[in-house]
Amino acid sequence: PRVIYIDANGGEFEADVPVGQNLMEGAVDNMIDGILGECGGVMSCATCHCYVAKEWQDKIPPASEREEDMLDMAVDPQENSRLSCQIEMTEALDGITVHLPRSQY
Ligand code: FES
């Protein structure tokens, strides 16, 4: 399934991310700038912060309390903020679109 990553300047990158991988791994494996994932996906860095496109927000499981706490530490959190390492790819998410914050380059 495909993930569309849109960077802070509007550049669009499409990546094929295997089911079971998370969107942070998908970005790092495809060398997409804008997601760092410094902690490797264990919810302790918030450098995998992304904004999920509105139409996809209710198609992914809600954030856990721990994720919400980490998002408070991200730069410029918004109501559609998520940690990309906590979004696991499924067939149903084919085409999911996330926006990348300017702070993670
Ligand atoms: Fe560190 Fe997601 S990679 S919180």
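A nonpolar core is a set of buried Ala, Val, Leu, Ile, Met, Phe, Trp, Tyr and Cys residues joined through C-beta atoms within 7 Å. Keep that in mind as you look at this structure, which is a predicted model.

**The core**

The largest nonpolar core here has 21 residues. Those with the most contacts inside it are V3, L23, M24, I35, C48, C50 and V98. Several elements chip in: β1 (2-6), α1 (23-29), β3 (49-52) and β5 (96-99) each supply at least two residues of this core.

Let's zoom in on L23. Which residues does L23 touch, leaving aside those up to four places away in sequence? They are V3, V17, C50, S84, I87, M89 and V98.

**The sheet**

Now for the strands. Strands of a sheet pair through backbone hydrogen bonds, either parallel or antiparallel. In this model, 5 strands make an open sheet with mixed pairing, and their order is β2-β1-β5-β3-β4. At the edges sit β2 (12-16) and β4 (81-83), each of which pairs on one side only. From one strand to the next, the twist averages 35 degrees.

Take the two edge strands in turn. β2 pairs with β1 in the antiparallel sense over 5 bridges, and E12 in β2 is the bridge partner of I6. The hairpin of β1 and β2 has 5 residues between the strands, and there G10 takes a positive phi near 90 degrees. Over at the other edge, β4 and β3 are also antiparallel, with 3 bridges; S81 in β4 is the bridge partner of Y51.

**A few loop residues**

G10 has a positive phi, but so do two residues that are not glycines: A46, with a phi of about 65 degrees, and D76, with a phi near 55 degrees. Here is where they sit, together with V42.

| Residue | Loop | Other C-beta atoms within 10 Å |
|---|---|---|
| V42 | between α1 and β3 | 7 |
| A46 | between α1 and β3 | 22 |
| D76 | between α3 (65-71) and β4 | 10 |

Is A46 buried or exposed? A46 counts as buried because its 22 C-beta neighbours inside 10 Å meet the cut-off of 20 or more. D76 is exposed, because its 10 other C-beta atoms within 10 Å fit the limit of 12 or fewer. V42 is exposed as well, with 7.

There is one more thing to spot about V42. How far apart in space are V42 and C85, C-alpha to C-alpha? They are 7.9 Å apart, although 43 residues separate them in sequence.

Notes:
Residues numbered from 1 in each chain as written. Predicted model: local features only at pLDDT ≥ 70, side-chain atom pairs only at ≥ 80, totals over all residues. Helix = DSSP H or I, 4+ residues; strand = E, 2+ residues; numbered from the N terminus. Contact = placed C-beta atoms within 7 Å. Pairing = 2+ DSSP bridges. Axes fitted to C-alpha atoms, helices over the stretch in contact; angles between N-to-C directions.
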